Amino acid sequence: MKRRRDMEVESTEITIGIEELSMMKLIKVKLIKHDQQQISDANHHDDHKDYNYHIPTMPFLSISNLVLQVLDKIGPTMAVLRQDIFQNIQKLEMMHDSDPALYSNMVEILKKEMISEGKGTKCPKTCSKALLWLTRSLDFTIALLQLLADDLERNMVQAVQESYTNTLKPWHGWISSAAFKVGLKLVPDSKGLITILKGKDKNNDDFKKELRTFISLLAPLLKEIHEVLGEYGLDRLKST
């Protein structure tokens, strides 16, 4: 069955991402209903808004790993960003693995660091900051994919520069900005990148549709994460 499916449609990072994001959406709905029932049963009322937030940790990190593979295809220009994403994924995976049941919801990691330990804004290697920078990196990625979805023949250097300016640059210090400028010189041409990303036997219109579907699923999740980060006072932090 799997072989037949592979013959019909070649899976790419984008198509796999669409499947995983769709599944994550269902998981989130079930989690929200579960917690709402628990709160109702306990007749518990407080001011913590994070009861309404559910970021399934491992599915989110799986999506992040797919984005990592997309950046690999863009080439060495994304080396610094790729390394940053990889390290942040590792930090969050390690925290999750320390108590998989508790940390199946990413919000619990923030609560642990910000409320229980009170170190989320003090230690530069916390999982809270790892989530912040991972989310910002995904902001950059979907901004770039949106520009490609609008025009597959767009100049890649300009697309990468515009995406960076609108997402990561406001939060980067001069060292990170300088590293990005160096990497910008290694950006591949759009035709070569699109050919790699879209896979075999797929026309441009279908690929653009996939990009838009992927973005439409990922953007709301990132928006929710930014809201959670804002609740914990992490959304305005900049790199040193």
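Q: What is the lining of the largest cavity made of, by class?
A: In this predicted model, the lining of the largest cavity has six nonpolar, one polar and one charged residues. The residues concerned are Glu13, Ile14, Leu66, Val67, Val70, Thr141, Leu145 and Phe214. Because Glu counts as charged, Glu13 is the charged member, and because Thr is listed neither as nonpolar nor as charged, Thr141 is the polar one.

Q: How do you know how many cavities of 30 Å³ or more there are?
A: The count by this rule comes to one cavity. The space in the largest cavity is about 40 Å³, which is set against a cut-off of 30 Å³ or more.

Q: Which element gives the largest share of the lining of the largest cavity, and how many residues does that share hold?
A: Helix H3 does, with three residues. H3 runs over residues 57–74, and the lining includes Leu66, Val67 and Val70. Helix H2 (13–42) and H6 also give two or more residues each.

Q: Why is H3 described as it is in relation to H4?
A: Helix H3 (residues 57–74) and helix H4 (residues 79–98) pack at an angle of about 160°, their axes lying 10 Å apart. That makes H3 roughly antiparallel to H4, because angles over 145 degrees are given that description. The crossing of the two helices is left-handed.

Q: What makes the contact between H3 and H4, on each side?
A: On the H3 side stand Thr57, Met58, Leu61, Ser64, Asn65, Leu68, Leu71 and Asp72, and on the H4 side Leu81, Arg82, Ile85, Phe86, Ile89, Leu92, Glu93 and His96. By class this contact has nine nonpolar, four polar and three charged residues, and since Asp, Glu and Arg count as charged, the charged ones are Asp72, Arg82 and Glu93.

Q: How do the axes of H3 and helix H9 (residues 190–198) cross, and with what handedness?
A: The axes of H3 and H9 come within 10 Å and cross at roughly 145°, and the crossing is right-handed. Val70, Lys73 and Ile74 of H3 meet Leu193, Ile196 and Leu197 of H9. This contact has five nonpolar, no polar and one charged residues, and the charged one is Lys73, because Lys belongs to the charged class.

Q: Which residues lie nearest the centre of the largest pocket, and how many line the pocket?
A: The largest pocket holds about 700 Å³ of space and is lined by 30 residues, of which Asp84, Trp133, His172, Ser176 and Ser239 lie nearest its centre. The lining has 15 nonpolar, 10 polar and five charged residues by class.

Q: Which helix gives the most to the lining of the largest pocket?
A: H4 does, with seven residues, while H4, helix H6 (127–150) and helix H8 (174–184) each supply at least two.

Terms used: Residues numbered from 1 in each chain as written. Predicted model: local features only at pLDDT ≥ 70, side-chain atom pairs only at ≥ 80, totals over all residues. Heavy atoms only, no water. Axes fitted to C-alpha atoms, helices over the stretch in contact; angles between N-to-C directions. Helix = DSSP H or I, 4+ residues; strand = E, 2+ residues; numbered from the N terminus. Parallel < 35°, antiparallel > 145°, perpendicular 65-115°, else oblique. Left-handed = near helix turned anticlockwise from the far one by under 90°. Contact = heavy atoms within 4.5 Å. 1 Å grid on protein atoms, 1.4 Å probe; cavity = no way out; pocket = protein on both sides within 12 Å on 5 of 7 lines; lining within 4 Å. Points joined across faces, edges and corners; volume = space filled by probe spheres on them.
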